[in-house]
Amino acid sequence: MTDARRFVGWDLTDPFARAPRPVDEAVVDGDGRVRFSQRVWPEPRTGHGLDPEALAEAFALQPGDVVVVDGPQALANPGERVRDAERKLRAPGRTPDVLPLPGAPFAGFVRGSVLLFAALRAHARVPLLDLDTPELSQARLFEAFPGATWRALAVEKLGAKASPEGRARRQALLESAGLRFLDAGTCTHDQLDAALCAWLGWRTRTRPGDVTTVGLPLTQDADGTLREGRILDLDRGVQAAPRQR
């Protein structure tokens with residue numbers, strides 16, 4: 001059992017889509033039990049904005065929550081077309097040095113995610129690694145890229161993530177790594193990505209030596225813009241330890 005009450009994972013969607021999909025949420029308790037729910041994006045403002053207070057309310061947290069998000073936390077450094085961490089982990093979504101306008105592939109997703117991180121830091125006072133604390137154990141808001149972490153966890157090809165076989169294999173991996181799914185049946189691939197994010201947060205408190213970060217430290221411009229930021233991942237030299245019975 002850990003001191004943190006909950007470990008939360010969010011698999012973000014595009015809030016600027018014509019019909020935005022809910023965000024799948026996985027909540028892992030200190031004993032590794034997983035429950036799923038969903039969050040709903042607030043209505044965008046004119047000019048492709050999202051009200052920071054509305055974001056903080058829609059994604060409200062409990063004291064002590066450790067949150068890991070499948071979505072970029074900040075923009076690239078000036079003059080860069082992609083963040084260092086995204087390049088190294090081969091993320092399909094590339095975050096530029098300015099907030100992209102919705103329309104192009106991943107643009108609305110990137111814009112919404114960066115705005116969400118800024119809102120949670122400003123209004124929920126959730127500490128981010130590097131900018132608010134140098135210690136992994138003290139940060140409570142992280143970014144993950146599940147595609148990279150699944151590759152680190154797997155010892156063989158997992159199959160397409162949306163296929164029944166691919167989903168079953170991914171769920172089995174998380175179960176062998178200590179999670180217990182309380183909902184019956186095989187999870188959706190979005191739920192599994194959210195659960196993987198929550199599992200990484202759980203790992204920062206239960207087996208911190210197994211976790212690493214990739215990319216450049218998070219910084220803040222004079223105008224408050226957040227840039228770069230490290231992505232949480234499983235250390236490539238570590239295999240997930242089986243659950244102790």
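Begin by selecting Glu 228, which at 2% relative accessibility counts as buried because the cut-off for that class is under 20%. In this predicted model, Glu 228 sits in the loop between strand S9 (226-227) and S10, and its phi is near 55°, a positive value in a residue other than glycine.

For a second residue with this kind of backbone angle, move to His 48, which has a positive phi of about 65° although it is not a glycine. His 48 is found in the loop between strand S3 (33-39) and helix H1 (52-58), and at 36% relative accessibility it counts as partly exposed.

Now display the strands. The open sheet is formed by 8 strands in the order S6-S3-S2-S1-S4-S5-S10-S7, with mixed pairing. Strand S6 (180-181) and strand S7 (211-214) stand at the edges, and each has a single partner strand, so one side of each is left without a neighbour in the sheet.

Next, select strand S5 (residues 141-144), whose two faces are both covered. On one side Leu 141 and Glu 143 are buried, and on the other side Phe 142 and Ala 144 are buried as well. Which strands pair with S5, and in what direction do they run? Strand S4 (residues 66-70) is joined to S5 by 4 bridges, and the two run parallel; if you select Asp 70, you will find it standing opposite Ala 144 in S5. Strand S10 (residues 231-234) is joined to S5 by 2 bridges, again in a parallel arrangement, and here Glu 143 stands opposite Ile 231 in S10.

Continue from S10 to S7, where 4 bridges join the two strands and the direction is antiparallel. Within this pair, Thr 212 is the residue to select, since it stands opposite Asp 233 in S10. H6 packs on the sheet, touching strand S1 (7-11), strand S2 (23-28), S3, S4, S5, S6, S7 and S10, and its direction makes about 145° with that of S1. Helix H4 (residues 146-153) can be added to the view at this point: it lies across S4, S5 and S10, and it runs at about 15° to S10.

Keep H6 selected and add H5. How do the axes of helix H5 (residues 164-176) and helix H6 (residues 189-206) cross? They come within 10 Å and cross at roughly 20°; angles under 35 degrees count as roughly parallel, and H5 and H6 are therefore roughly parallel to each other. The crossing of H5 and H6 is left-handed. To see the side chains of this contact, select Arg 167, Arg 170, Gln 171 and Leu 174 in H5, which meet His 189, Leu 192, Ala 195, Leu 196 and Trp 199 in H6. Sorted by class, the contact of H5 with H6 has 5 nonpolar, 2 polar and 2 charged residues.

The last stop is Leu 115, which lies in helix H3 (residues 107-123). Once its neighbours within four places in sequence are left aside, Leu 115 is in contact with Phe 16, Leu 50, Leu 55 and Leu 99. For Leu 115 and Leu 99, a C-alpha to C-alpha distance label in the viewer should read 9.0 Å, while along the sequence these two residues are 16 residues apart.

Terms used
Residues are numbered from 1 along each chain as its sequence is written. This is a predicted model: local features need pLDDT of at least 70, side-chain atom pairs count only at pLDDT 80 or more; totals for chains, interfaces and linings use all residues. Side-chain values use heavy atoms; hydrogens and water are left out. Axes are lines fitted to C-alpha atoms, for helices over the stretch in contact, and angles run from 0 to 180 degrees between N-to-C directions. Angles under 35 degrees count as roughly parallel, over 145 as roughly antiparallel, 65 to 115 as roughly perpendicular and the rest as oblique. A crossing is left-handed if the near helix is turned anticlockwise from the far one by less than a right angle, and right-handed if clockwise. Contact means heavy atoms within 4.5 Å. Ala, Val, Leu, Ile, Met, Phe, Trp, Tyr, Cys and Pro count as nonpolar, Asp, Glu, Lys and Arg as charged, and the others, Gly among them, as polar. Buried means under 20% relative accessible area, exposed over 50%, partly exposed in between (1.4 Å probe, protein chains only). Two strands pair if DSSP finds at least two bridges between them.
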